[in-house]
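Let's take a walk through this fold, from a few odd spots in the backbone to the sheet and the core. Keep the viewer open as you read.

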Amino acid sequence: MKLTFCGAAGTVTGSCHLLEIENKKILLDTGMFQGGSEADDMNFEQFRFNPSEIDMLILSHAHIDHSGRIPQLVKYGFKGRVITSAPTFELCKIMLPDSAFIQESEAEWKSRKRQRAGKKAVEPLYTVKDAEAALELFHAVEYNKVISIDPNISIRMKDAGHILGSAIIELWIREKGEEFKLVFSGDLGNKDVPIMNNPTVIEEADYVIMESTYGDRLHKDTENKTLALLDIITDTVERNGNVVIPSFAIERTQEILYVLNMIKESDNYKLKNIPVYVDSPLAINATKIFQSFLPYFDEEAQKLIQSGDNPFDFPNLVFTHTADESKAINYNKGSCIIISASGMCEAGRIKHHLKHNLWREESSVVFVGYQARNTLGRRIKDGEKLVKIFGEEIGVKSKIYSIEGFSGHADQRGLLEWIGAFKKKPQKVFLVHGEEGALSELSGLMETELGIANEIAQLGQTVELSATSHRKIVVERSGIHKESLISTLSALKSNFSETLESMEHHLSKDDNVKLDALMYMLEKLEDNIAELKKEIS
Ligand SMILES: [Zn+2]
Ligand SMILES: [Zn+2]
């Protein structure tokens, strides 16, 4: 099998990897490059493959840096299926047309400017129509189910704990009579964050393609992020300023609302009456989708909701739909909290709120997510004192904060823990989705601390993967007699029923059994039985 890294190699954005298995071509993600004009140009470059030759795309999650170029893929002839989880499908239904709308508006704006200079108009990267055509190809699958997508390829999606519907993708590939397993981590979430489950532990793989976003960073004080936010809000309100939170429409906004709901429910009378604005149409729609996927939430959030407390609804929470409602926020007397997108401040209504608040000493800007290189968010976060917004220079006088614990990505410790949990060391791990420093630090630690062979993926690089000799599924044996096979079979039968019986017995009286591990083993057994059945029939 050939694996080619077509994006998010040496960078965080543009996730896209091509698998060529005998006569099949499969893509893992087709995301947009983000952060500045160089990234924009990369999106306009031709794909490193012919989209019409791609048989299938497996999508890890809805973030634009993973899904954003799917409509473009369709525009250039892709007709295969897009396999993903049900929440990712729903989220893409709002994200992709929204992204297309931004592309169309940008092209229109550029074209007008060019036409005034006597130049030719530009074409958008893709249109809303392309996005709609792309959504026709989507096909949702459940977590934890092995699905055969081809006689030689099976896949399974496991909760990555990163955003609603995010998945780690396991692939079993059979080629030339050998089988091996490839795991694509997608983006891995943080442990113990509101709403989301922890990223699923995977125990086995021959090869892993793994994200490295925070490979060189440890999140500070994850447990105290609610307190940190409470402190910032209290201080800002005392100064009569506004709290502006640039936030990704999906996940981060809902997580912040969850925490604000807790703050509002507490006895803090001062904060009870402070209005909270969610000023992003995309975030408002995403919040609705969240509410329709309760079974995907972690236990704590499910319990909260069952007790009658809806974390996305509390006094003085206002969802602003129209542009006029959005503008009115800035004429508000008294303090307020504004949550708005985009998360990296590159587009959307957040730019207006920054323009109105960055110059005010009494206001605060709180970063709660990753800020890619060359984005407005990164410049503010890195402490630039003068930034340009809508062509106007704005002095940065407000307080700038960053709360790391809200990040949707596992930090260095989380990443090492996840890859360290594999029972058998993978033959090789390919590190993707990170900036230089993060990649090299994670690579070094993986080698020295865990002894796991790894390589930093290069953009455009192709590697050849094959099964190791001991994983050959066609094992050549000689001298096996029918009798010995029959006796093995009967021993297996009694062993099997004994084990199942004792398991039932344990499950009924002891609740300390490792349910996850047992489920994993049972599922594997189920797979093997299915395999055997196929072989016999
Ligand atoms: Zn992501
Ligand atoms: Zn990502």
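## A cis bond and two unusual phi angles

Where is the place of Ser342? You'll find Ser342 in the loop between β15 (337-340) and α12 (350-357). Bear in mind that this is a predicted model. What makes the spot worth a look is the peptide bond from Ala341 to Ser342, which is cis, with omega near 5 degrees. As background, most peptide bonds are trans, and most residues other than glycine have a negative phi.

That second habit has exceptions here too. Asp192 isn't a glycine, yet its phi is positive, about 55 degrees. Asp192 sits in the loop between β10 and β11, where it is partly exposed, with 13 other C-beta atoms within 10 Å. Asn374 is another case, with a positive phi near 70 degrees. Its home is the loop between β16 (364-367) and α13 (376-381), and Asn374 is also partly exposed, having 15 other C-beta atoms within 10 Å.

## The overall build

Zooming out, the protein has 17 helices and 22 strands. Its radius of gyration is 25 Å, close to the 24 Å that the globule rule gives for 537 residues, so the protein is as compact as a globular protein of that length. Along the principal axes, the C-alpha trace spans about 90 × 65 × 45 Å.

How much of the protein is buried? Buried residues account for 42% of the 537. As for contacts between residues at least 6 apart in sequence, 74% of them join residues at least 24 apart.

## A seven-stranded open sheet

One part to trace by eye is an open sheet of 7 strands, in the order β7-β8-β9-β10-β11-β20-β21, with mixed pairing. β7 (147-150) and β21 (454-456) are the edge strands; each has a single partner, so one side of each is left without a neighbour in the sheet. On average, neighbouring strands are turned by 20 degrees against each other, direction ignored. Helix α15 (residues 436-450) packs on this sheet and touches β20 (428-432) and β21. The direction of α15 makes about 170 degrees with that of β21.

Now step across the strands. β8 (residues 153-159) and β9 (residues 167-175) pair in the antiparallel sense over 7 bridges, with Ser154 opposite Trp172 in β9. β9 is antiparallel to β10 (residues 178-184) as well, again over 7 bridges, and there Trp172 has Lys181 as its bridge partner. That makes Trp172 a handy landmark: Ser154 stands opposite it, and Lys181 in β10 is its bridge partner. β9 and β10 form a hairpin with 2 residues between them, and Lys176 in the turn has a positive phi of about 50 degrees. The next step is parallel: 3 bridges join β10 to β11 (residues 207-211), and Leu182 stands opposite Tyr207 in β11.

## Around β15

Back to the strand that comes before the cis bond's loop. Which strands pair with β15 in the parallel sense? β12 (residues 243-246) does so over 4 bridges, and β13 (residues 276-279) is joined to β15 by 4 bridges, also running parallel. For residues to click on, Val244 has Ile338 as its bridge partner in β15, while Val278 has Ile339.

In a regular strand, side chains alternate between the two faces of the sheet. You can see that in β15: Ile337 and Ile339 point one way, Ile338 and Ser340 the other, and all are buried.

## The nonpolar core

What holds the middle of the picture? In soluble globular proteins, nonpolar side chains tend to be buried together. The largest nonpolar core here has 128 residues, and those touching the most other members are Ile58, Ile169, Ile245, Ile337, Leu431 and Val432. Domain 1 (2-217 + 408-471) and domain 2 (222-406) both give residues to this core, so it lies between them.

Val432 is a good residue to inspect up close. Leaving aside its neighbours within four places in sequence, Val432 is in contact with Phe5, Ala8, Ala9, Ile209, Met210, Glu211, Ser212 and Ala457.

Conventions: Residues are numbered from 1 along each chain as its sequence is written. Chains are lettered from A and ligands numbered from 1 in the order in which they are written. This is a predicted model: local features need pLDDT of at least 70, side-chain atom pairs count only at pLDDT 80 or more; totals for chains, interfaces and linings use all residues. Two strands pair if DSSP finds at least two bridges between them. Axes are lines fitted to C-alpha atoms, for helices over the stretch in contact, and angles run from 0 to 180 degrees between N-to-C directions. Two residues are in contact if their C-beta atoms, placed from the backbone, lie within 7 Å. A residue is buried if 20 or more other C-beta atoms lie within 10 Å of its own, exposed if 12 or fewer, and partly exposed in between; C-beta atoms are placed from the backbone. A nonpolar core is a set of buried Ala, Val, Leu, Ile, Met, Phe, Trp, Tyr and Cys residues joined through C-beta atoms within 7 Å. Domain bounds come from an automatic or database domain assignment. The radius of gyration is taken over C-alpha atoms; the globule rule is 2.2 Å times the number of residues to the power 0.38.
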